[in-house]
Structure formats: structure tokens, C-alpha cells
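I opened a new notebook page for this structure. My plan was to look up how the helices pack and what lines the pockets.

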Amino acid sequence: LSQFYTHMQLFDQAIKSLQTSMEIASSRSDTLSIGWIYNSMGNIYSDYDFYDLATESYLKSNEILKSLRHINADYPLINLASVYRDQLKFAEAESLYVDFLSRLDPEQIPRNSVIFNNMGLLRLEQKRYRESIEFFVQALAFKYRQGKPLHIANTYNNLTQAYTGLEDFEE
């Protein structure tokens, strides 16, 4: 329901929906759901540029998921790195991405494709076009293994932006 409200640009309803979900999950001591609800709240706060609240939500989500030793505990931090990138806090974003890259698991294809793509976006924002291209190419390798055409197309779009930055229109 919160995604619907977010799509309709109804911020207050989206947050209220997640708060209701949080109350239900808390009453059931469903710690895993609480962790993911915090992540969802971070996504909404980020969409509306409430970066401090997004940061707080992502950190809570990560803390909970790590305490559960959840395989995707890094996802809130991947989202947090994007918040840092949106705020032009490149050093903070890069620190997280470098940490993720140092712990790549070849079996976590969706995670890896996101990390490489987002690192490419960071380099693109920094106008480090050749480096961004290298990351986008690596992201594509994982995205082809996923077989999701929209994700592949988005990464090609990112590549196009990098080549445009280089003024290399033949690529």
C-alpha cells in the first residue's frame, strides 16, 4: 500500500501505511519485517529528499538485518550510499561502495549488479567517465545473468551518458 501512495505522491499516507505495518510487526515481534519496514521508510524519505530521516531509517534497517544475520543486510546501506550520492557526499558514498566491492559474492547477482551500476553512477556524477564505463560494463555482465531487460536497458542508458560525457558518440 505504501508503494501505491508513493507512486501517487501521497507522502503522508505512505508513511502512515508503513507506521501501521510497523505497529503490526512490532505486536507480533516480527523483527525481520521491522527491519524491512525501516528500509521502505528510508526509500520514501529519500524519494522526498528527507535525507536525515532516510539515513536514520536505513541505518536502523541495516542494524536489525545484521543482528538477524540476514543475507541481504547490506541493501539498506546500498540505499544509503545512493542517498549520499544524491546529496553530493561522494566520499561517504564511495566508502560504502568500496566496502561492498571488497566483499563481493559471485552468487549474489542482483546485489552485485546494483553495486557496480551505482558505483558507475557515482563516477558519472564525478565526471570520471572512463571509470564509470568500467563499472557499467561490469554491471551489465551481472544484469545479463539476471535476464531483466529493463535493468539492462537502464545500464545501457547510463553507459550512453558516460560516452556522451567523453564526447565519444561512436560508442
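**Entry 1: the second largest pocket.** I began with the lining of the second largest pocket, which by class has two nonpolar, five polar and one charged residues. I noted that the model is a predicted one. The volume I wrote down for the second largest pocket is about 160 Å³. Its lining consists of Ser2, Gln3, Thr6, Leu18, Ser40, Asn43, Ile44 and Asp47. I then asked which helices each supply at least two residues of this lining. They are α1 (2–7) and α3. The largest share, four residues, is from α3.

**Entry 2: the largest pocket.** I turned to the largest pocket and found a volume of about 270 Å³. There are 14 lining residues, and those closest to the centre are Asn43, Ile78, Asn79, Ser82 and Asn118. I marked Asn43, since it is listed for the largest pocket and also in the lining of the second largest pocket. At least two lining residues of the largest pocket come from each of α3 (31–47), α5 and α7 (109–125). Which helix gives the largest share of this lining? I found that α5 does, with seven residues. By class I recorded five nonpolar, six polar and three charged residues in the lining of the largest pocket.

**Entry 3: α4 and α5.** Having met α5 at the pocket, I looked up its packing with α4. Helix α4 covers residues 51–67 and helix α5 covers residues 75–86. The two pack at an angle of about 160°, and their axes are 8 Å apart. Because of that angle, α4 is roughly antiparallel to α5; the cut-off for this is over 145 degrees. The crossing in which α4 passes α5 is left-handed. On the α4 side I listed Tyr51, Ala54, Thr55, Tyr58, Leu59, Ser61, Asn62 and Leu65. On the α5 side they meet Pro76, Leu77, Asn79, Leu80, Val83, Tyr84 and Asp86. The contact of α4 with α5 has ten nonpolar, four polar and one charged residues. I noted that Asn79 is in this contact and is also one of the residues closest to the centre of the largest pocket.

**Entry 4: α6 and α7.** Next I took α7, another helix of the largest pocket lining. Helix α6 (residues 90–102) packs with α7 at an angle of about 150°, with axes 10 Å apart. That angle makes α6 roughly antiparallel to α7. I recorded a left-handed crossing where α6 passes α7. From α6 the contact takes Phe90, Ala93, Glu94, Tyr97, Val98, Phe100 and Leu101. Their partners in α7 are Arg111, Ile115, Phe116, Asn118, Met119, Leu122, Arg123 and Glu125. By class, the contact of α6 with α7 has ten nonpolar, one polar and four charged residues.

**Entry 5: α8 and α9.** Last I looked up helix α8 (residues 129–146) and helix α9 (residues 149–165). How far apart are their axes? I found 9 Å, with a packing angle of about 165°. The two helices are therefore roughly antiparallel to each other, and the crossing of α8 and α9 is left-handed. Among the α8 residues in the contact I noted Tyr129, Phe136, Leu140 and Lys143. From α9, those in the contact include His151, Ile152, Tyr156 and Gly165. I closed with the classes for the contact of α8 with α9: twelve nonpolar, six polar and one charged residues.

Methods: Residues numbered from 1 in each chain as written. Predicted model: local features only at pLDDT ≥ 70, side-chain atom pairs only at ≥ 80, totals over all residues. Heavy atoms only, no water. Axes fitted to C-alpha atoms, helices over the stretch in contact; angles between N-to-C directions. Parallel < 35°, antiparallel > 145°, perpendicular 65-115°, else oblique. Left-handed = near helix turned anticlockwise from the far one by under 90°. Contact = heavy atoms within 4.5 Å. Nonpolar A, V, L, I, M, F, W, Y, C, P; charged D, E, K, R; others polar. 1 Å grid on protein atoms, 1.4 Å probe; cavity = no way out; pocket = protein on both sides within 12 Å on 5 of 7 lines; lining within 4 Å. Points joined across faces, edges and corners; volume = space filled by probe spheres on them.
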